[in-house]
Amino acid sequence: MESAREVVRNYDVHIDSKKRVTLRGATYHYYNVKEYENGCIILEPRELVAPTAVGRMTEEEICNEVLKGLKSAEQKTYSADEVDKILNSRYGI
């Protein structure tokens with residue numbers, strides 16, 4: 001079954017001694033690679049995003065959370081399991 005996408009370029013490549021393939025005229029620096037059992041390899045272009053652009057919390061909110069945690073930590077000792085549960089419930093870590 002052919003893909004509905006139009007083929008822009010079609011060329012043959014070979015794997016070098018270090019098992020690398022050179023992409024001619026690649027427009028992206030990073031690609032997500034998907035390998036299938038039948039030998040097909042799909043490359044999807046990726047653009048990296050600055051870590052600050054990913055977070056939902058502002059610096060002030062992060063500082064407030066840290067201060068709140070430090071104050072409560074002074075009053076109570078947490079086990080590793082309790083810390084994991086807190087991080088999972090609040091941040092999905």
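The two largest pockets of this predicted model are described below, with their volumes and the residues that line them.

The largest pocket is a good place to begin. Its space comes to about 1,300 Å³. A set of 24 residues forms the lining, and those closest to the centre of this pocket are Arg-9, Leu-23, Ile-41, Ile-42 and Leu-43. Two elements each give two or more residues to this lining, namely strand S1, which spans 30-35, and strand S2, which spans 41-46. Of the elements, S2 gives the most, with 5 residues. For readers who like to think in terms of residue chemistry, the lining of the largest pocket divides into 14 nonpolar, 7 charged and 3 polar residues.

Attention now turns to the second largest pocket, which holds about 320 Å³ of space. The lining here is made up of 14 residues, and Gly-69, Ser-72, Ile-86, Leu-87 and Arg-90 are the ones that lie nearest the centre of the second largest pocket. In this case the elements that give two or more residues to the lining are helices: H2, covering 59-75, and H3, covering 80-91. Helix H2 provides the largest share of the lining, 7 residues. Sorted by class, the second largest pocket is lined by 9 nonpolar, 3 charged and 2 polar residues.

Taken together, strands S1 and S2 are the elements giving two or more residues to the lining of the largest pocket, while helices H2 and H3 have that role in the second largest pocket.

Conventions. Residues are numbered from 1 along each chain as its sequence is written. This is a predicted model: local features need pLDDT of at least 70, side-chain atom pairs count only at pLDDT 80 or more; totals for chains, interfaces and linings use all residues. Side-chain values use heavy atoms; hydrogens and water are left out. On a 1 Å grid over the protein atoms alone, a cavity is a set of points where a 1.4 Å probe fits but cannot get out, and a pocket is an open set with protein on both sides within 12 Å along at least five of seven lines; lining residues have an atom within 4 Å of a point. Grid points are joined across faces, edges and corners, and a volume is the space filled by probe spheres set on the points. Helices (H or I, at least four residues) and strands (E, at least two) are DSSP runs, numbered from the N terminus. Ala, Val, Leu, Ile, Met, Phe, Trp, Tyr, Cys and Pro count as nonpolar, Asp, Glu, Lys and Arg as charged, and the others, Gly among them, as polar.
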